[in-house]
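Trainee: I would be grateful for a close look at how the helices of this model pack against one another, and at the open and enclosed spaces around them.

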Amino acid sequence: MTQLKSSAGKPLVTFKHTTGMSSIYPSTFHSFYEIYFFLNGNVELVCGKVRQKLRPKDIVVIPAREYHQFIPLDSGENYERCVIEIQPELLGEKTLDSAFSGKSLLRLDENNRIIDHLLYLIEAEKVHESEDFKKILPAVATDIVFLLKNLGDCPIPQGNGLQGLSVEVMKYINENYKSGINLNKIADAFFVSVSTACHYFKEDFGVSIKQYIIEKKMIEAKMLVDKGHKAQDICADLGFENYSTFFRAYKKRYGVSPSGRK
């Protein structure tokens, strides 16, 4: 059986079980959908409206293009987690968006089938040959997605919370990032100074407003490039001032031009 690949040539599903500080990623966006299963350590999650210290067997559900960050609260020596990365082509964006929406941090019963599946994958990876595991993984991941879909919306566990201004600024950016917004427009929208908006946003999310906007645009651009959209159209759709600005930002982020040239 040949492993199915996405339009960008990546496996439709990957599974990673890792330990240690090196597996704690910086703040980021992804073009794929992510199911993160926390097993051990001292880590805080920042994602959407959630700022929460994780507990063993917490599940974090991260849609494509959603900013998230895992913040180590110690040296990370005891950190352990596993992650399923699902490319949109596995089940289609409509199905995946439906399954992932309304969820961020899940704390499920020990005997929940989603947890059973995740624990099974950890053991299956150990005992099966690599090619056999690649055949098992898409079926188990698909079942997990539909179990998530059947959960419906899930309340966010009580945590430290994020400052209201930060949450509203992120929401505003997510709704308007294609329309040429800038720091002055954002500050004016909330009747605060630019420095105030920038301070609270960076304090909560660990990234500047400018960097957040460009990363948001770049992950969207990459997904559109992979789908075969024209670079000039992408530039216009994402609200860049001109094509040269878009070209430089894309090449800096991905190491190649929007047309794939180095």
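Mentor: Let us begin with one helix pair: α2 and α3 cross with a left-handed sense. The model is a predicted one, and the description that follows should be read accordingly. Helix α2 covers residues 113–127 and helix α3 covers residues 130–151; their axes come within 10 Å and cross at roughly 165°. Since an angle over 145 degrees counts as roughly antiparallel, α2 and α3 are therefore roughly antiparallel to each other. From α2, the residues in contact are R113, I114, H117, L118, Y120, L121, A124 and E125. From α3, they are met by F133, I136, L137, V140, D143, I144, L147, L148 and L151. By class, this contact of α2 with α3 holds 13 nonpolar residues, one polar residue and three charged residues.

A second pair involves α7, the helix of residues 209–226. Its partner here is helix α9, residues 243–254, and the axes of α7 and α9 come within 10 Å with a crossing of roughly 85°. That angle makes α7 roughly perpendicular to α9. On the α7 side the contact is made by I214, E215, M218, I219, A221, K222 and V225, and on the α9 side by F246, A249, Y250, R253 and Y254. The residues of the contact of α7 with α9 comprise nine nonpolar, no polar and three charged.

Helix α7 also packs with α4, and the axes of these two come within 11 Å and cross at roughly 35°. The crossing of α4 and α7 is right-handed. In this contact V169, M170, I173 and N174 of α4 meet I209, Y212, I213 and K216 of α7. Its residues divide into six nonpolar, one polar and one charged.

The open spaces bring α4 and α7 back into view. The largest pocket has a volume of about 540 Å³. It is lined by 25 residues, of which G48, P63, E66, S104 and N174 are the closest to its centre. N174 is also one of the α4 residues that meet α7. The elements that give two or more residues to this lining are α1 (93–100), α4 (164–176) and α7 (209–226). Of the elements, α4 gives the most to the lining of the largest pocket, with five residues. The lining of the largest pocket divides into eleven nonpolar, five polar and nine charged residues.

The second largest pocket holds about 310 Å³ of space. Its lining is formed by G180, I181, N182 and L183, together with K210, I213, I214 and K217, and by G239, F240, E241 and T245. Helix α7 supplies the largest share of this lining, four residues. Two residues of the lining, I213 and I214, recur in the helix contacts: I213 of α7 takes part in the contact with α4, and I214 of α7 takes part in the contact with α9. By class, the lining of the second largest pocket has five nonpolar, four polar and three charged residues.

As for enclosed space, there are two cavities of 30 Å³ or more. The second largest cavity has a volume of about 40 Å³. Ten residues line this second largest cavity, and the closest to its centre are G41, N42, D74, G76 and Y79. Its lining divides into four nonpolar, four polar and two charged residues.

To draw the helices and spaces together, α7 meets α9, meets α4, contributes to the lining of the largest pocket and gives the largest share of the lining of the second largest pocket.

Technical notes: Residues numbered from 1 in each chain as written. Predicted model: local features only at pLDDT ≥ 70, side-chain atom pairs only at ≥ 80, totals over all residues. Heavy atoms only, no water. 1 Å grid on protein atoms, 1.4 Å probe; cavity = no way out; pocket = protein on both sides within 12 Å on 5 of 7 lines; lining within 4 Å. Points joined across faces, edges and corners; volume = space filled by probe spheres on them. Nonpolar A, V, L, I, M, F, W, Y, C, P; charged D, E, K, R; others polar. Axes fitted to C-alpha atoms, helices over the stretch in contact; angles between N-to-C directions. Parallel < 35°, antiparallel > 145°, perpendicular 65-115°, else oblique. Left-handed = near helix turned anticlockwise from the far one by under 90°. Contact = heavy atoms within 4.5 Å.
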